[in-house]
Amino acid sequence: MSVVVLSGGVGGARFVSGLVDATASRDVTVVGNVGDDVEVLGLHVSPDLDSIMYALAGLNDEERGWGRAGETWRVLESVGALGGDTWFKLGDLDLGVHLVRTQALHDGEPLSHITARLGRSLGLETRLLPATDDRLRTWLLTAAGELPFQEWFVARGHRDEVDAVRFEGAEVATAAPGVLEAIATADLLLLAPSNPYVSIGPILAVRAIREALASRTVPCVAVSPLIGGRAVKGPADRMLARLDGGTSPAHVARRYEGLIDAIVVDEADASDLTGLGRVRPIVTSTLMVDGDARRHLAEAALGAVPA
Ligand code: GDP
Ligand code: CA
């Protein structure tokens with residue numbers, strides 16, 4: 001069975017690692033968000049692609065929840081001592097990836113090609129594709145003005161309430177090589193339990209990807225990032241309440257209207273399954289506390305199609 005999963009960073013990466021555990025890793029294609037990509041200290045950082053890559057390579061820091069295990073921060077300390085930007089936390093090991101990626105981009109190599117190369121170097125068996133090789137950037141409209149994603153999320157700790165989300169470059173962005181082919185030949189499509197607005201949203205903003213999902217001939221299953229109407233981490237619940245009027249499974253499903261056939265929701269949300277229409281609820285425990293829980297959640301989503 002071949003599976004395509006659309007994924008953001010940390011929440012998505014946790015789910016994706018459960019998915020490769022539950023299937024043969026070679027059957028999974030991950031399409032990652034690039035709306036969070038940012039240029040810091042002259043380097044091109046792709047935080048969501050890297051979160052997925054590190055998780056799949058077993059290099060991620062489980063405790064901190066992001067970045068690499070065994071990380072050190074000497075370069076950033078030096079940058080700080082010199083009065084440089086330190087608001088975006090780049091560890092020494094992590095910087096190696098950004099250096100290689102930035103040089104390759106500078107030399108004209110497409111992001112998808114670099115991502116595949118980095119993945120090979122780290123021993124990944126799962127295919128990881130950026131949604132697009134084109135420049136696509138997420139902006140948030142807030143009372144403090146329109147903010148670039150990382151300024152809103154990291155520098156300001158996503159404290160500003162969001163009135164609108166915009167994806168710069170999305171109108172002209174084309175799907176990265178392999179994305180549409182993977183979707184067209186998949187047996188199952190999955191939306192990871194990532195932020196629907198700022199993680200899955202930028203992927204679906206690439207018109208060809210949205211259209212490929214809308215015209216699918218196989219099931220598409222979303223996994224809700226909410227438990228008991230609350231985000232496990234981050235602003236997804238606040239955004240749903242403010243932008244869509246609620247945090248029930250139906251509110252999450254509405255973000256993916258016409259694109260999904262089922263939604264995996266937590267037992268804590270099972271009391272209000274109204275308004276889902278033709279979207280079938282799959283109720284289970286969705287908190288990914290450890291490897292077993294990640295695998296369990298993946299199996300619940302995979303259960304949407306007979307093995
Ligand atoms: P980011 O790009 O690093 O912000 O990560 P994602 O957008 O991929 O994931 C963030 C989302 O993951 C948040 O909305 C969380 O609620 C969700 N999330 C994190 N851990 C879990 C979990 O264990 N279970 C579920 N259902 N959602 C989770
Ligand atoms: Ca992200």
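Trainee: Why are the side chains of aspartate 163 and arginine 242 said to meet in a salt bridge?

Mentor: Please bear in mind that this is a predicted model. The N to O distance between the side chains of aspartate 163 and arginine 242 is 2.6 Å. A salt bridge requires a side-chain nitrogen of Lys or Arg within 4 Å of a carboxyl oxygen of Asp or Glu, so the pair qualifies. Aspartate 163 belongs to strand S8 and arginine 242 to helix H10 (residues 236–244), so the bridge ties together parts that are 79 residues apart in sequence.

Trainee: Why can such side chains pair at all?

Mentor: Side chains of opposite charge can pair when their charged atoms come close. By the rule just applied, the count comes to 16 salt bridges.

Trainee: What makes aspartate 163 count as buried, exposed or partly exposed?

Mentor: Its relative accessibility is 40%. Buried means under 20% and exposed means over 50%, with partly exposed in between, so aspartate 163 is partly exposed. Arginine 242 stands at 45%, and therefore it also counts as partly exposed.

Trainee: How do you know that arginine 216 forms a salt bridge with aspartate 261?

Mentor: The closest N and O atoms of arginine 216 and aspartate 261 are 2.9 Å apart. That value is within 4 Å, so the rule is met. The pair links distant parts of the chain, 45 residues apart. Arginine 216 sits in the loop between helix H9 (207–214) and strand S10 (220–223), while aspartate 261 sits in the loop between helix H11 (249–254) and strand S13 (262–266).

Trainee: Why is arginine 216 placed in the class it has, buried or exposed?

Mentor: Arginine 216 has a relative accessibility of 18%, which is under 20%, so it counts as buried. Aspartate 261 has a relative accessible area of 32%, which lies between the two limits, and therefore it is partly exposed.

Trainee: What makes arginine 230 and aspartate 237 a salt bridge?

Mentor: Their side chains meet at 3.4 Å, N to O. This is within 4 Å, so the pair is accepted. Arginine 230 has a relative accessible area of 57%, which is over 50%, so it is exposed. Aspartate 237 is at 12%, under 20%, and therefore it counts as buried.

Trainee: Which residues are linked in a network of salt bridges?

Mentor: Glu39, Arg135, Arg137 and Glu168 are linked in this way.

Trainee: Why is the phi of histidine 158 worth noting?

Mentor: Most residues other than glycine have a negative phi. Histidine 158 is not a glycine, yet its phi is positive, at about 40 degrees. It lies in the loop between helix H6 (149–155) and strand S8 (162–168). With 18% relative accessibility, under the 20% limit, histidine 158 is therefore buried. Leaving aside neighbours within four places in sequence, its contacts are Trp152, Phe153, Gly234, Pro235 and Arg238.

Trainee: What is the phi of leucine 41?

Mentor: Leucine 41 has a positive phi near 50 degrees, and it too is a residue other than glycine. Leucine 41 is found in the loop between strand S3 (38–40) and strand S4 (43–45). Its relative accessibility of 42% falls between 20% and 50%, so leucine 41 is partly exposed.

Trainee: How do you know whether serine 224 is buried or exposed?

Mentor: Serine 224 has 7% relative accessibility; this is under 20%, so it counts as buried. Its place is the loop between S10 and strand S11 (226–227). The side chain of serine 224 reaches the backbone nitrogen of leucine 226 at 3.1 Å. A polar contact needs N or O atoms within 3.5 Å, so this distance meets the limit.

Trainee: What lies within reach of the oxygen and nitrogen atoms of ligand 1?

Mentor: A backbone N or O atom of glycine 12 is 2.9 Å from an oxygen atom of ligand 1. An N or O atom in the side chain of arginine 14 is 3.0 Å from a nitrogen atom of ligand 1. A polar backbone atom of proline 193 is 2.9 Å from an oxygen atom of ligand 1. The protein covers 92% of the 590 Å² of accessible area that ligand 1 has on its own.

Methods: Residues numbered from 1 in each chain as written. Chains lettered and ligands numbered in written order. Predicted model: local features only at pLDDT ≥ 70, side-chain atom pairs only at ≥ 80, totals over all residues. Heavy atoms only, no water. Polar contact = N/O pair within 3.5 Å; in protein donor to acceptor, adjacent residues only side chain to side chain. Areas by Shrake-Rupley, 256 points an atom, 1.4 Å probe, with all protein chains shown as cover. Helix = DSSP H or I, 4+ residues; strand = E, 2+ residues; numbered from the N terminus. Buried < 20%, exposed > 50% of the residue type's maximum accessible area, 1.4 Å probe, protein only. Contact = heavy atoms within 4.5 Å.
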